[in-house]
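Student: Please take a close look at the cysteines of this structure, and then carry the account on into the rest of the model. Which sulfur atoms are bonded and which are not, and what surrounds them?

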Amino acid sequence: MGSLFRSEEMALCQLFLQSEAAYACVSELGELGLVQFRDLNPDVNAFQRKFVNEVRRCDEMERKLRYLEKEIKKDGIPMLDTGESPEAPQPREMIDLEATFEKLENELREVNQNAEALKRNFLELTELKHILRKTQVFFDEQEGGLNHTTESMTRALITDEVRATGASMGPVQLGFVAGVISREKLPAFERMLWRACRGNVFLRQAMIESPLEDPTNGDQVYKSVFIIFFQGDQLKTRVKKICEGFRATLYPCPEAPADRREMAMGVMTRIEDLNTVLGQTQDHRHRVLVAAAKNLKNWFVKVRKIKAIYHTLNLFNLDVTQKCLIAECWVPLLDIETIQLALRRGTERSGSSVPPILNRMQTFENPPTYNRTNKFTKAFQALIDAYGVASYREMNPAPYTIITFPFLFAVMFGDIGHGAIMALFGLWMIRKEKGLAAQKTDNEIWNIFFGGRYIIFLMGVFSMYTGLIYNDIFSKSLNIFGSHWHVSYNKSTVWNNKMLQLSPATSDYEGTPYPFGMDPIWQVATSNKIVFQNAYKMKISIIFGVLHMIFGVVMSWHNHTYFRNRLSLIYEFIPQLVFLLLLFFYMVLLMFIKWNRFAATNPMPYSEGCAPSILITFIDMVLFNTPKTPPKGCEVYMFWGQHFIQVVFVLVALGCIPVMLLGKPIKIMQARKLANVQPITGADAEVGGMSNGGGGGGHGGGGHHDEEEMSEIFIHQGIHTIEYVLGSVSHTASYLRLWALSLAHAQLAEVLWTMVLSIGLNKEGWYGGVFVTVVFAFWAILTVGILVLMEGLSAFLHTLRLHWVEFQSKFYLGQGYAFQPFSFDSIIENGGSASGDAE
């Protein structure tokens, strides 16, 4: 069977590379992305490997590039991204790259240090400018200038001791300091001055209106100018210590007005000069960053490719001559020729005359699982792998999930309008996928939506189809073909009888079904609409569920035949299928028989009133009960010989249980006795693979159970038998979620229509148009937010559960490990170190 339905056949190969050609060959294999290398030095410390120095050099180059990237983003300079991936540079080019990055980093750091020093000087001059201006205002406030102000301040600063003694006081000379402090610290600063100096200082402050830039981090800080008057050296020392503690900056401020004016003019001149120098510095920094931004993306790609190559070379072994590198790798069997061509190209690029050697090795190890995908199937494969990576060569559910997943989703989400919204959103992402993929955003929710764009599109299209079947568009119906029901009553009878019902046994019904989907007359049925939809959707949910589970059991047959697991085929697949068919598929057949034989126009005993309950019939069948006496004129059974057939079906189904429980362990025990060896080997290895679906076994037929004790085998088989038998009942009931969510979705849509949009549609006049516009916007937001997003997510999760539990448990083990080839594309896409990918 092709790789679409099973994982690729893998081969373990041994690769011999000449030392001078190893780098180029690994580079070609990284571009190809089809080889998974194994670590041949698991016990060697990472710091003791051969190419650890080269990896460190790459780390240092990455650090410098990240520094450049940070500075470029800080200035908001766009980085050129052509979308192209340059080839991995040759080892000799590493020196040129290192020199280029070293030069750029040193130049940029020097420019930044100079700019920071200039900004710090500029900040000091700016603060001094504000101090000179504000203090001039302080001194000029009082009429009479400094002398009058000094006298008033002196009187205010007379100490308590002088006031208590009543001694006379001569002329006093006040000292002052001026500075700048952060505005948020000012209240605490003022309180501390008052308490520490006991109120013997005089503080004046004024806010600086415009914020000042902090040269260390570029933040905008609001500050205030202050001036503190005091008397004596002791207070001066105390005030300066408080200023130092609050990180206030003090500046010299002359006492004489002429000196302050002269200093202010000098400060303004220096500020103008600094502005000129700062502008030139910023222009030079900008030119350096713009030049670096043009090549930064390509530099990152080159460095990461070099680093990935050396990480991979560290996984290799050196031969005794130190001239040859030996590697072991998993490769897809179909791509061996392609890999050999890549190795030849690498050898030619390196100039080596010795060709590489790729030998296929024999192994009993379980190979990795590799499922080829494209941009369409990738998302569906991700859904399967999220449950568990398939065992090697196990049946892959992804191709079938492409159809069953959106269909089961649509059964729960059936609405033409809501499906159209989802389909258009998915189609928009598909049409714009190149541009959207190039943006590479870190928003996880958006990345999930974009990664599942084809799933969203198919779910929307299928929902439109089931919406046509349900004849439901935003809780309303489409009357395309005209109703096949006719009201035979007069107008007054219809208006006065709310519980009026149409009878299919009369001329109210034409006798032919609606051509496609549900008749639109059910939309106006108020009393029995939900009763009819309940019965209809509940039955189709069971039908789809049973068919889905049968398909899962049939898939296990493909696994057993492929792995030649004859015991699992006879003692698991056959009784499982018979058990499911004789009980639950028979219940599905009863539904079709009931729909076909019992109609309102049929005479007794097959009239509508004689139709039996399928659920009661199934319960009586399993419990071997005799059905209750039917209404007069009706038959007990739906067809001749039903009771005998049901008894036979139940007995055969019950007989399948001991076959599933004991058949395989007994055969294993007999085989071991005949072989008279423990554990068995060779042809008897097919007795392994004790999984429920038998999909296990993997490479070599799943002999991992060959060494198990018989007691463990019996317990293991018993668990899976109980799981399957009870699971058949619970899984069938689990598919009723299709009915429940479909009904809930339809009712929520109807509630939004009747309680929101219809209110706006009932308004008349010019204001009715305005009102309905507002109401429609509110209804649209609720529709998209609740019915499309929230209900869509709910239906998605329930569909996922139906596939993981109810469907895949019948045949899918998911106990493999993923094929992780050495690929430059995945390394660059992840944007990180290549160590995880290489190892």
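Tutor: A disulfide is counted where two cysteine sulfur atoms lie within 2.5 Å of each other. The model is a predicted one, in which local features need pLDDT of at least 70 and side-chain atom pairs count only at pLDDT 80 or more, while totals for chains, interfaces and linings use all residues. Residues are numbered from 1 along each chain as its sequence is written, and side-chain values use heavy atoms, with hydrogens and water left out.

A search of the whole structure returns one disulfide. The bond links Cys 610 with Cys 634, at an S to S distance of 1.8 Å. The torsion about this S-S bond is about -65°, and the disulfide is therefore left-handed. For the secondary structure around the pair, helices (H or I, at least four residues) and strands (E, at least two) are DSSP runs numbered from the N terminus. Cys 610 belongs to the loop between H18 and helix H19 (614-622), and Cys 634 to the loop between H19 and helix H20 (642-675), so the bond ties together parts that are 24 residues apart in sequence. Each partner can also be placed by its accessibility, where buried means under 20% relative accessible area, exposed over 50% and partly exposed in between (1.4 Å probe, protein chains only). Cys 610 is buried, at 7% relative accessibility; Cys 634, with a relative accessible area of 13%, is buried as well.

Two further cysteines show what an unbonded sulfur looks like here. For Cys 13, the closest cysteine sulfur is that of Cys 329, and the separation of 5.5 Å is too far for a bond. For Cys 243, the closest is in Cys 197, and 9.3 Å is again too far for a bond. Cys 13 is buried at 1% relative accessibility, and Cys 243 is likewise buried at 1%.

The surroundings can be followed by way of single residues. Trp 330 sits in strand E10 (residues 324-332) and is buried, with 2% relative accessibility. Its C-alpha is 9.4 Å from that of Gln 820, although the two residues are 490 apart in sequence. His 803 has its place in helix H23 (residues 766-807) and is buried at 1% relative accessibility. A polar atom of the His 803 side chain lies 3.0 Å from the backbone oxygen of Thr 799.

Burial can also be followed along a whole element. Strand E7 (residues 223-230) is mostly covered, with eight of its eight residues buried. In a regular strand the side chains alternate between the two faces of the sheet. In E7, Lys 223, Val 225, Ile 227 and Phe 229 are buried on one side, and Ser 224, Phe 226, Ile 228 and Phe 230 are buried on the other, so that both faces are covered. Strands count as paired if DSSP finds at least two bridges between them. Strand E3 (residues 175-182) pairs with E7 in the antiparallel sense over eight bridges, and Gly 179 stands opposite Phe 226. Strand E4 (residues 202-207) is also antiparallel to E7, over six bridges; there Met 207 has Ser 224 as its bridge partner.

The empty space completes the picture. On a 1 Å grid over the protein atoms alone, a cavity is a set of points where a 1.4 Å probe fits but cannot get out; a pocket is an open set with protein on both sides within 12 Å along at least five of seven lines; lining residues have an atom within 4 Å of a point.

The second largest pocket is lined by 45 residues, and Trp 485, Pro 504, Trp 522, Asn 528 and Phe 532 lie nearest its centre. Helix H16 (491-496), helix H17 (529-562) and helix H18 (566-597) each supply at least two residues of this lining, and H17 gives the most, with eight. H18 is also the helix before the loop that holds Cys 610.

The structure has two cavities of 30 Å³ or more. The largest cavity is lined by 15 residues, with Tyr 470, Asp 472, Gln 523, Lys 529 and Gln 533 nearest its centre. H17 and helix H22 (737-761) are the elements that give two or more residues to the lining of this cavity. H17 thus contributes to the linings of both the second largest pocket and the largest cavity.

Conventions: Polar contact = N/O pair within 3.5 Å; in protein donor to acceptor, adjacent residues only side chain to side chain. Points joined across faces, edges and corners; volume = space filled by probe spheres on them.
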